[in-house]
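Here is a small set of exercises to work through with the model open in your viewer. Try each task before reading its solution.

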Amino acid sequence: MIIREHRRRNLTVSILSLSLLTVMAGAAVAPALNTIKAYFSDVNQAVTQMIISMPALFIVIMSPIFPKLCARFKSKALLMAGLLLYVVGGSMAGIFNNIYVVLFFRSLIGIGVGIIMPLSTGLISFYFTRDKQDKLMGYSSAMNQMGGVIATLATGLLSSISWRLSFLVYLMGLLSIVLCLLYVPNEKFALGYLCLWLVGGCAGTLVGSALIGFANGLGVPFIISTASRQAGKSAAVTVMPMLSMALYLAQFTTPLILSFITGLAKNISTPHLPYMIAFFSAQLFALWSVSIKSAAPAVHNVKQE
């Protein structure tokens with residue numbers, strides 16, 4: 001498939017950022033293992049050692065499952081799901097005091113890498129011509145090793161402060177999420193809310209609001225025009241009233257939903273909770289929207305869009 005030059009550049013950076021993450025799955029926290037073993041001294045050391053090996057086990061388990069996922073979901077939906085599992089499974093492991101909960105989150109990162117790894121190379125074969133594939137495969141391999149080096153150094157520094165901080169290296173996955181958000185048009189919503197949530201201040205508010213406005217300015221006309229085209233001459237009396245109802249129903253119910261969730265979380269310190277909810281809602285919207293598109297299958301039966 002031949003893609004436009006500006007899209008090719010954006011896609012190249014996004015794919016190479018995925019390669020930065022894959023080697024980090026198990027080895028990234030290795031420098032902190034002795035500190036972790038000392039903290040969980042009352043636990044069998046073989047169990048503690050599984051903090052390193054657990055992701056590898058689930059990467060293996062995902063190998064036969066991945067083709068089935070490819071037949072059901074589009075590549076973008078799989079990619080975002082894998083990245084979210086990577087970031088959540090990697091960074092959340094340092095919060096808990098129960099070794100088995102830590103291992104559960106380590107299994108999540110293994111599932112995430114089991115999805116990301118084949119996509120990081122398979123998308124190169126699909127989107128780029130053969131004369132560019134060898135060069136990009138070399139870059140991908142180099143990024144693999146660079147990710148391992150960066151993560152090991154960062155973990156060594158962080159673990160000298162606390163073993164919990166060593167798991168923060170997996171937040172590097174946010175880099176790939178941001179790059180993929182920039183590449184996927186309807187993810188501009190999520191990126192905008194992410195800026196409002198995590199950056200804040202004048203800069204975060206302006207950039208986040210601009211991205212949300214940009215996504216809204218493109219997204220709503222696209223939805224309306226697509227629905228109108230699909231419905232044909234009857235659109236004015238069938239699809240358009242339903243779209244109007246959906247837009248204004250969401251506008252009415254959103255404050256009620258936010259108030260309800262805020263009430264449930266009143267005993268939990270959660271700054272910028274509305275932005276957090278909006279971010280994850282945008283993620284669900286994006287995953288749902290790419291899963292219902294009809295498109296030609298991509299490489300290895302991964303659905304393209």
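How much area does the protein chain expose, and what percentage of it do carbon and sulfur atoms supply? The protein chain exposes about 15,900 Å², and carbon and sulfur atoms supply 71% of that area. Accessible areas here come from the Shrake-Rupley method with a 1.4 Å probe, and for residues only the protein chains shown count as cover.

Before you go on, a word on conventions. This is a predicted model, in which local features need pLDDT of at least 70 and side-chain atom pairs count only at pLDDT 80 or more, while totals for chains, interfaces and linings use all residues. Residues are numbered from 1 along each chain as its sequence is written, and side-chain values use heavy atoms, with hydrogens and water left out.

**Exercise 1. Describe the fold in outline.**

Step 1: Count the elements. The protein chain has 12 helices and 0 strands, where helices (H or I, at least four residues) and strands (E, at least two) are DSSP runs numbered from the N terminus.

Step 2: Look at burial. Of the 305 residues in the protein chain, 42% are buried; buried means under 20% relative accessible area, exposed over 50%, and partly exposed in between (1.4 Å probe, protein chains only).

Step 3: Check the contacts (heavy atoms within 4.5 Å). Among contacts in the protein chain with a separation of 6 or more, 72% are between residues 24 or more positions apart.

**Exercise 2. Find the largest nonpolar core and its best-connected residues.**

Step 1: Apply the criterion: a nonpolar core is a set of buried Ala, Val, Leu, Ile, Met, Phe, Trp, Tyr and Cys residues joined through side-chain atoms within 4.5 Å.

Step 2: Read off the result. The largest such core has 46 residues, and Ile-51, Tyr-86, Phe-167 and Tyr-170 have the most contacts inside it.

Step 3: Ask which helices contribute. Helices supplying at least two residues each include H1 (5-22), H4 (45-72) and H6 (99-127). The largest share, 12 residues, comes from H6.

Step 4: Inspect one member. Leaving aside residues up to four places away in sequence, Phe-167 touches Ile-51 and Arg-106, among others.

**Exercise 3. Classify the aromatic pairs.**

Step 1: Set the rule. Rings of Phe, Tyr and Trp (its six-membered ring) pair if their centres lie within 6.5 Å; planes under 30 degrees apart are stacked, over 60 edge-to-face, and the rest tilted. The whole structure holds 7 aromatic pairs.

Step 2: Take Tyr-86 and Tyr-170. Their ring centres are 5.7 Å apart and the planes meet at 70°, so this pair is edge-to-face. Tyr-86 sits in helix H5 (residues 75-91) and Tyr-170 in the loop between helix H7 (130-159) and helix H8 (173-183), 84 residues apart. Tyr-86 is buried at 0% relative accessible area, and Tyr-170 is buried at 0% too.

Step 3: Take Phe-96 and Phe-105. This pair is stacked, with 5.3 Å centre to centre and 15° between the planes. Phe-96 is partly exposed at 30%, whereas Phe-105 is buried at 10%.

Step 4: Look for a cluster. Ring pairs join Tyr-39, Phe-40, Trp-163 and Phe-167.

**Exercise 4. Is Ser-160 buried or exposed?**

Step 1: Locate Ser-160, which lies in the loop between H7 and H8.

Step 2: Compare its accessibility with the cut-off. At 59% relative accessibility, Ser-160 is exposed.
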